[in-house]
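Visitor: I am new to this structure. Please show me how to read it.

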Amino acid sequence: MTGPTSNPADELAAEVAALAARVRVLEDEREILRVLTRYGFAVDVGDADACAALYTDDTVIDLGPGSEFAGTAGARTLVEDDRHQAIVGRCAHTLGPFVVDAAVDGDRATATGYVRVYVSDSDQRNPRLWRIGYTTFELVRSGPTWRIAHRRSRSLGADDGAALLRVGL
Amino acid sequence: MTGPTSNPADELAAEVAALAARVRVLEDEREILRVLTRYGFAVDVGDADACAALYTDDTVIDLGPGSEFAGTAGARTLVEDDRHQAIVGRCAHTLGPFVVDAAVDGDRATATGYVRVYVSDSDQRNPRLWRIGYTTFELVRSGPTWRIAHRRSRSLGADDGAALLRVGL
Amino acid sequence: MTGPTSNPADELAAEVAALAARVRVLEDEREILRVLTRYGFAVDVGDADACAALYTDDTVIDLGPGSEFAGTAGARTLVEDDRHQAIVGRCAHTLGPFVVDAAVDGDRATATGYVRVYVSDSDQRNPRLWRIGYTTFELVRSGPTWRIAHRRSRSLGADDGAALLRVGL
């Protein structure tokens, strides 16, 4: 492992640098999972600004054929939609579990997993599973956090759903 | 980055200290999530002692207007309650996902997310979602682990539910 | 903390080694959770090879009295089973949350938690919870990843279900 020019101080410095890189991988995964969890919070409370801030300006949101949205305006549309506003405060978008894989350059990552949407009646009764799907997120590093650059979701039973899970398999 | 009095050994020592602090943040979050997951285990198996041990002595458990419990005695009451004992061994309290935020002093943290309760009939049939809510936990460091100092949960549809999710948004 | 023979360089090297061990614990837990999440992906897409690769050659899969499977052949059987093939692409096996505990030797670990299975009709309608259980996984280190050596699952309401959760309590 050590060449003729190595010395203990240099070796220790290299060890610390390698350890710092490993810690960064764990921190990146934590931050990515925070972004995906906060996406749920943003739509559950109906906050279009908070939701849009989680996406890149040129994001693509692909919820199936005929249900594609682009950019932060698209992200906002999904929250401001009448059908969504009707369930604000009585819905729960819970995402996960995920397999997160970072790209070689360290500034892009993919998260593959599941999304569930629950709703209750407005009198707090009758909690139920409303939708469940397979999902893949592509994220890019953005300063201290990450933003969603591409999101694809498919309900269980969709023809092209299994392909999403295969991204993380 | 380096001033006139710095030397490589001091710099490396400072780097290691900073890295140790980052690792501690990750370890704290792991331990907090373990406590919240083990809360589910404790109530599912109906172990009032194990449940109470997860709370601080002066904890406040706020499950909505008229449903507030205080201290480890209160935590115990929730487990020993007849309605809860009736579902022991056939219920699942699954918590998460959470956004965990540490306070500046490093000894307090907030976990914001979701709680779901499932039950099955005693013959193992008819598994179903029984309750789902938004939840916020305040935790304090306690030796090698963390304890719950304040817990608030609201069912989907409650007037003050969205405010809980905003803590983590 | 420092004996008569210690010097700053040796102390720093020891500190880095201890930190590396702490990081490895976090990395191991991450990898174990990836394996358990990818188990869900493998069975949801109906990939018997990918599923079998997650288990040790002599694995034991104990799903209850009269429902025990052994080895990678057993793991494969569960995926290739007609009843399972009937729901491929319209089911979701979501595992967690888990409490992960490593054995003292660092090469074995236990993950205790929950497993849920959802299905939808093949036209993507009627998403529903199909099964929910308590589960315990024993895993062993295998090169850069971990494999499942023993898996026990019980539906809510089973006589011996609570014993599984107690492993992680």
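We go from numbering to symmetry, helices, sheets and chain contacts.

Visitor: What kind of model is this?
Guide: This is a predicted model, in which local features need pLDDT of at least 70, side-chain atom pairs count only at pLDDT 80 or more, and totals for chains, interfaces and linings use all residues. Residues are numbered from 1 along each chain as its sequence is written, while chains are lettered from A and ligands numbered from 1 in the order in which they are written.

Visitor: How do I read the relation of chain A to chain C?
Guide: Two copies of a chain are related by a rotation about an axis and a shift along it. Here a turn of 120° and a shift of 0.0 Å along the axis lay chain A on chain C, with an RMSD of 0.0 Å. The two copies are thus related as by a three-fold rotation axis. The superposition is by least squares on the C-alpha atoms of residues with pLDDT of at least 70 in both copies.

Visitor: And how do I read two packed helices?
Guide: Two packed helices are described by the angle between their axes and the distance between the axes. Take H1(A) and helix H1 (residues 8-45) of chain C: their axes come within 10 Å and cross at roughly 25°. Helices here are DSSP runs of H or I with at least four residues, strands are runs of E with at least two, and both are numbered from the N terminus. Axes are lines fitted to C-alpha atoms, for helices over the stretch in contact; angles run from 0 to 180 degrees between N-to-C directions.

Visitor: Are H1(A) and H1(C) roughly parallel or antiparallel?
Guide: H1(A) and H1(C) are roughly parallel to each other. Angles under 35 degrees count as roughly parallel, over 145 as roughly antiparallel, 65 to 115 as roughly perpendicular and the rest as oblique. H1(A) passes H1(C) in a left-handed crossing. That means the near helix is turned anticlockwise from the far one by less than a right angle; clockwise would be right-handed.

Visitor: Which residues make the contact?
Guide: Among them are A:Leu12, A:Val16 and A:Leu19 of H1(A), and C:Leu12, C:Val16 and C:Leu19 of H1(C). Residues are in contact if their C-beta atoms, placed from the backbone, lie within 7 Å. By class, the contact of H1(A) with H1(C) has 14 nonpolar, no polar and five charged residues. Ala, Val, Leu, Ile, Met, Phe, Trp, Tyr, Cys and Pro count as nonpolar; Asp, Glu, Lys and Arg as charged; the others, Gly among them, as polar.

Visitor: Now the sheet. In what order do the strands of chain A lie?
Guide: The order is S2-S1-S6-S5-S4-S3 (chain A), an open sheet of six strands with mixed pairing. Strands pair if DSSP finds at least two bridges between them. Strand S2 (68-70) and S3 of chain A stand at the edges with a single partner strand each, so one side of each has no neighbour in the sheet. On average, neighbouring strands are turned by 20° against each other, direction ignored.

Visitor: How many bridges join S4(A) to S5(A)?
Guide: There are 12, and the two strands run antiparallel. A:Thr112 stands opposite A:Thr136 in S5(A). H1(A) packs on the sheet, touching S3, S4, S5 and strand S6 (145-155) of chain A, at about 160° to S3(A). Helix H3 (residues 71-80) of chain A touches strand S1 (55-62) and S2, at about 55° to S1(A).

Visitor: What does a parallel pair look like?
Guide: In chain B, strand S1 (residues 55-62) and strand S6 (residues 145-155) run parallel and are joined by four bridges. B:Val60 has B:His150 as its bridge partner in S6(B).

Visitor: And a hairpin?
Guide: Look at chain C. S3(C) and S4(C) form a hairpin with five residues between them, and C:Gly106 in the turn has a positive phi of about 80°. Strand S3 (residues 91-102) and strand S4 (residues 108-119) of chain C pair in the antiparallel sense over 10 bridges. C:Ala92 has C:Tyr118 as its bridge partner in S4(C).

Visitor: How many residues of chain B are in contact with chain A?
Guide: 27 residues of chain B are in contact with 36 residues of chain A. H1(B) gives the most to this side of chain B, with nine residues. The side divides into 17 nonpolar, five polar and five charged residues. Helix H1 (residues 8-45) of chain A also lies across S3 and S4 of chain B, at about 115° to S3(B).

Conventions:
Two residues are in contact if their C-beta atoms, placed from the backbone, lie within 7 Å.
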